[in-house]
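I opened a fresh page for this one and wrote things down as I looked them up. Here is the structure, with my entries after it.

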Amino acid sequence: MQRVVSVPVLGVLTAIICCFSSERTPNASYTNIIIMLMDDMGWGDLGVFGQPSKETPNLDAMAAQGILFPDFYTANPLCSPSRAALLTGRLPIRNGFYTTNGHARNAYTPQEIVGGISKDEILLPQMLKKKGYVSKIVGKWHLGHRPQYLPLENGFDEWFGAPNCHFGPYNNTVRPNIPVYNNSEMLGRYFEEFKIDKKTGESNLTQMYLEAGLDFISRQAEAKRPFFLYWAADATHYPVYASKRFLGKSQRGRYGDAVMELDYSVGQILTKLQDLGIENNTFVFFTSDNGAALMSGPNEGGSNGPFLCGKETTFEGGMREPAIAWWPGHIRGGTVSLQLANVMDLFTTSLALAGISPPGDRVLDGLDLTPVLFNHSHTLQSRPIFFYRGNELMAVRIGQYKAHFWTWSNSWEEFKQGVNFCPGQEVAGVTTHEQKEHTLQPIIFHLGRDPGEKYPLSVLSKEYQDALNWISTVVQKHKETLVPGMPQLNMCDMAVMNWAPAGCEKLGKCLKVPKSEPWKCEWPH
């Protein structure tokens with residue numbers, strides 16, 4: 001079997017690897033699950049999807065050994081709702097990860113958010129416990145940072161990472177720096193104990209996340225326990241960073257450096273599985289939480305390839321993601337599947353692989369992709385892709401047709417201040433800077449002929465009418481049966497920020513908590 005291209009492992013990991021590289025675990029009756037979720041990495045950032053510099057050899061090899069999904073989508077064009085959808089198998093409008101403070105507004109979990117993942121939701125690691133899985137999250141959580149919302153309160157057994165992205169540095173009086181946790185207690189804060197040099201882009205965080213993931217895999221393999229690793233590195237989110245050995249190495253600047261280190265890390269994780277002899281019973285899936293953040297470009301943003309716009313929008317560039325499934329001995333390598341797939345499918349598919357029935361008391365939006373993974377005839381399952389922005393269904397894709405019922409990139413106010421979600425990609429009447437409703441006469445594209453959403457079908461054509469009738473039936477049924485969840489992202493309060501997380505006493509890092517004065521969050525996007 002072709003081995004994943006990789007560089008010699010980090011020196012600090014030598015002891016771990018020596019202990020396990022010669023011990024091959026026999027085939028087990030369970031399936032380990034690894035989901036690698038990147039942050040703001042675009043469809044066009046991988047060599048296998050045509051990125052000219054070809055700086056992702058490990059991901060390209062992973063695709064050559066597995067299945068590539070060019071029609072894979074997230075559930076929302078922003079970090080928090082998409083992550084909530086992955087772990088619950090449900091659209092954000094159902095699981096509560098949206099706001100009603102403004103129409104079609106993207107909302108997430110900044111430090112001042114009061115809410116988080118609802119206790120009414122069932123997360124993937126909670127389900128996997130039924131079969132004895134040990135679960136760990138490495139990296140970014142982003143589903144609420146108050147104690148009741150953190151990973152170990154929601155099914156995970158271990159955590160190394162942070163509740164939010166690596167924003168900052170802050171002065172710790174108006175806004176505290178974001179804590180980094182080991183399980184339930186903070187180890188320090190970004191820009192303090194966990195350094196990020198914003199001037200040079202240097203940080204060892206991805207290296208730390210790699211070490212944590214490899215250590216977890218080794219421990220579970222030694223104990224012969226089934227495991228779920230949710231590896232959620234965030235180096236490609238602004239401000240992007242990479243460790244010293246990767247800085248300046250990419251043809252794509254600092255963002256490319258971060259991609260190169262993440263690619264290297266993926267290679268190390270797959271090689272570790274092979275060295276331990278557990279690759280044949282470990283399912284690995286690689287994807288991203290939303291499209292590349294074009295507003296951070298060109299120096300700190302990625303590429304969405306041929307697709308329109310990027311993060312924050314419900315155009316293809318905002319929600320179509322790179323996606324690769326890898327499982328030696330089970331998945332036929334070098335396969336490209338044209339199945340319309342979604343990040344919520346990972347919830348349902350993971351349960352199927354673990355032999356666990358999905359919860360029967362709620363609507364799930366994820367499909368079980370195992371027929372696509374294992375059926376060499378690649379029979380496609382018919383399904384819609386819903387494009388929500390906040391509380392509004394903006395667009396729907398069925399087959400090759402995509403209908404926009406609302407269009408909006410970002411506001412004129414933001415645009416005039418230099419914030420552009422579609423730089424160099426303005427399409428008249430489509431990338432609107434006002435919220436435009438098209439429900440009576442949707443804008444419809446054929447994505448096979450026009451992946452860039454530049455040429456709407458003529459409303460007078462038979463093709464348009466046939467596509468409209470097909471899509472309208474699906475939308476009507478969806479809206480008739482939809483029961484929105486209680487919105488979790490409406491209220492903010494300075495008092496709930498990360499002033500005094502658990503473990504701060506031991507470190508002498510506790511900060512004074514201000515008076516609670518809740519307000520309705522404002523969401524500009």
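The entries below cover the annotated binding site, the cysteines and one arginine.

**Entry 1: before starting**

I reminded myself that this is a predicted model. Every value I note here is computed from that model.

**Entry 2: the annotated site**

I began with the UniProt record. Which residues carry the feature "binding site" there? The unreviewed entry puts it at Asp39, Asp40, Cys79, Asp289 and Asn290. I then checked how these residues sit in space. They are spread over 252 residues of sequence, yet they cluster, with a largest C-alpha distance of 7.9 Å. I also looked at the largest pocket, and its lining includes Asp40 and Cys79 from this set.

**Entry 3: Asp40**

I found Asp40 in the loop between β1 (32–38) and α2 (57–65). Is Asp40 buried or exposed? Its relative accessible area is 2%, so Asp40 is buried. I listed its contacts next, leaving out residues up to four places away in sequence. Asp40 touches Cys79, Asp289 and Asn290, among others, and these three also carry the binding-site annotation in the UniProt record. Further contacts of Asp40 include Thr236, His237, Tyr255, Ser288 and Lys311. The run Gly291, Ala292 and Ala293 is also on the contact list of Asp40.

**Entry 4: Asp289**

Asp289 comes from another loop, the one between β9 (282–288) and α8 (316–319). Its relative accessibility is 1%, and therefore Asp289 counts as buried. With neighbours within four places in sequence set aside, Asp289 is in contact with Asp39, Asp40 and Cys79, among others. I also noted Leu37, Met38, Thr74, Asn76, Ser82, Arg83 and Glu321 as contacts of Asp289.

**Entry 5: Cys79, annotated and unpaired**

Cys79 had now turned up in the record and in the contacts of both Asp40 and Asp289, so I looked it up by itself. At 2% relative accessibility, Cys79 counts as buried. Why is there no bond between Cys165 and Cys79? The closest cysteine sulfur to that of Cys165 is in Cys79, 6.4 Å away, and that is too far for a bond; the cut-off for a disulfide is 2.5 Å between the sulfur atoms. Cys165 is buried as well, with a relative accessible area of 0%.

**Entry 6: the disulfides**

How many disulfides does the structure hold? I found three. Counting bonded cysteines along the chain, I wrote their pattern down as 1-2, 3-6, 4-5.

- Cys309 and Cys422: the sulfur atoms of this disulfide are 2.0 Å apart. The link is right-handed, with 105° about the S-S bond. It joins distant parts of the chain, 113 residues apart: Cys309 is in the loop between β9 and α8, and Cys422 is in the loop between α11 (412–416) and β18 (436–437). Cys309 counts as buried at 0% relative accessibility, and Cys422 counts as buried at 1%.
- Cys492 and Cys521: here too I read a sulfur separation of 2.0 Å. This link is right-handed, with 110° about the S-S bond. The partners are 29 residues apart, with Cys492 in strand β20 (residues 491–492) and Cys521 in the segment after β21 (519–520). Both Cys492 and Cys521 are buried.
- Cys504 and Cys510: the S to S distance is 1.9 Å. The link is right-handed, with 90° about the S-S bond. Cys504 is buried at 0% relative accessibility, whereas Cys510 is partly exposed, with a relative accessible area of 36%.

I made one side note: the loop between β9 and α8 holds Cys309, and Asp289 lies in that loop too.

**Entry 7: Arg94**

My last look-up was Arg94, which I located in helix α4 (residues 92–95). Is Arg94 buried or exposed? With 9% relative accessibility, Arg94 counts as buried. What does its side chain pair with at 2.8 Å? I found a polar contact of that length with the side chain of Asp365. Beyond its neighbours within four places in sequence, Arg94 is in contact with Glu121, Val363 and Asp365. Its contacts also include His478, Leu482, Val483 and Gly485.

Terms used. Residues are numbered from 1 along each chain as its sequence is written. This is a predicted model: local features need pLDDT of at least 70, side-chain atom pairs count only at pLDDT 80 or more; totals for chains, interfaces and linings use all residues. Side-chain values use heavy atoms; hydrogens and water are left out. Helices (H or I, at least four residues) and strands (E, at least two) are DSSP runs, numbered from the N terminus. Buried means under 20% relative accessible area, exposed over 50%, partly exposed in between (1.4 Å probe, protein chains only). A polar contact is a pair of N or O atoms within 3.5 Å; within protein, one must be able to donate a hydrogen and the other to accept it, and residues adjacent in sequence count only if both atoms are side-chain atoms. Contact means heavy atoms within 4.5 Å. UniProt positions are given in the numbering used here, feature names are shortened, and annotations may be inferred rather than shown by experiment. On a 1 Å grid over the protein atoms alone, a cavity is a set of points where a 1.4 Å probe fits but cannot get out, and a pocket is an open set with protein on both sides within 12 Å along at least five of seven lines; lining residues have an atom within 4 Å of a point.
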